[in-house]
Amino acid sequence: MIRLAPTLSLYIGRHFLLHFAILMVVFLGLIFLIDSIELLRRSANKEGVTAILALQMALMKLPHLGQETFPFAVLFAGMSAFSRLTKSHELVVARAAGVSAWRFMSPAIIAAFLLGLFQIMVINPLGSATLSAFEQMESRYFDGKTSMLSLSANGLWLRQSNLEGQSVLHSRFVLQQGEHVDLNNVSIFVYKDADTFSHRIEADRATLEDGFWHLYNVQVHIPEKPTEYNDELWFETDLTLNKIQDSFAPPETMSFWSLPGFIDTMEKAGFSGKRHKLHYHSLLSTPLLLAAMILIAATFTLRHTRKGGTTFVVSGGMLCGFILYFFTDISMALALSGSIPVLLAAWAPATICMLLGSTMILHLEDG
């Protein structure tokens, strides 16, 4: 077995990276065009939303959407690069000289793995920051609302509304069991209208019921009046468990580096961090998935194809991409529903692609 020379390794790796860069530019251009058209359509009847602002929002969303195309860009770049090298008989000559498929695939595999590391360490933090800014602008200009929830090491903060006005609720300890939410050491700051402070309510415990917070051992502090004591008190709210959970920062808006700390904070506060854990492990599996895409690409392009073989290569790649996307969505849905473990759902697509690709390469090499 002849070792792959550094010159040939750089040559193959450069070909793959060039094809990857071209495909990413094409994908990003298409995404930006489609997203811009959609935002311009939505902004047509919105006052204060100009075309420049819509294009700026589309640009801010682009890094996040671009990450979604990475596996497909690597797949098609590998297919394009290997197909060109095969048609020019360069790989045929290399294999005739005793170089195995694993040898001349290794530069592309290493490059894809490094691209995966670059994605999760650099592009993901950039994409999460710009996506968070995009969602804030979208809420401000299109939905007319802002986030009502903040979770930190100091506990849970909720902003809610009722017939009297606005109120801010704080609790240091949260317990969620199924559909029930219990809070301990609760403080509620009640405001009339938007910013006129009315009074403060302190309670040892609060339970979320249908349209009300059920408070226990309550103290009501009204300015310039004696403190009122009540065993129980029902405080009106428009919050539900689904509204509270939906108000957590989506995992896509959080950096790869920030996710572990936020997951730990959520679990200490009593909420499930399953969705964020799933996203975190999916990011960790990205380098393995991109490396597996090279193996899948090689199975379609290593053999010399006659006229018309390009159609088979393209259709096979598109079919693999569709199956991967469908299988990933199914596994994540099963994990969120609790049917399968989070680790299995996050790592299964990359692992299965790696095993299938390796099996096909071994079959092509050894029959």
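**Helix packing, a nonpolar patch and salt bridges**

L18 is placed in helix α1, which covers residues 6-42. The model described here is predicted. L18 also belongs to a nonpolar patch on the surface. The other residues that make this patch are I22, V26, L30, L33, I34 and I37. The patch has an area of about 680 Å².

Helix α1 also holds a charged pair. E38 and R41 both lie in this helix, 3 residues apart. That spacing is about one turn of the helix. Their side chains meet in a salt bridge, with an N to O distance of 2.6 Å. Across the whole structure, a search finds 3 salt bridges.

Helix α2 spans residues 51-68, and helix α3 spans residues 70-87. The two pack at an angle of about 50 degrees. Their axes lie 4 Å apart. Because of this angle, α2 is oblique to α3. On the α2 side, the contact is made by G66, Q67 and E68. On the α3 side, F70, P71 and F72 take part. By class, the contact of α2 with α3 comprises 3 nonpolar, 2 polar and 1 charged residues.

Methods:
Residues are numbered from 1 along each chain as its sequence is written. This is a predicted model: local features need pLDDT of at least 70, side-chain atom pairs count only at pLDDT 80 or more; totals for chains, interfaces and linings use all residues. Side-chain values use heavy atoms; hydrogens and water are left out. Axes are lines fitted to C-alpha atoms, for helices over the stretch in contact, and angles run from 0 to 180 degrees between N-to-C directions. Angles under 35 degrees count as roughly parallel, over 145 as roughly antiparallel, 65 to 115 as roughly perpendicular and the rest as oblique. Contact means heavy atoms within 4.5 Å. Ala, Val, Leu, Ile, Met, Phe, Trp, Tyr, Cys and Pro count as nonpolar, Asp, Glu, Lys and Arg as charged, and the others, Gly among them, as polar. Patches are made of residues with over 30% relative accessible area and no salt bridge: like charges are joined within 9 Å, nonpolar side chains (Val, Leu, Ile, Met, Phe, Trp, Tyr) within 5 Å. Accessible areas come from the Shrake-Rupley method with a 1.4 Å probe; for residues, only the protein chains shown count as cover. A salt bridge is a side-chain nitrogen of Lys or Arg within 4 Å of a carboxyl oxygen of Asp or Glu.
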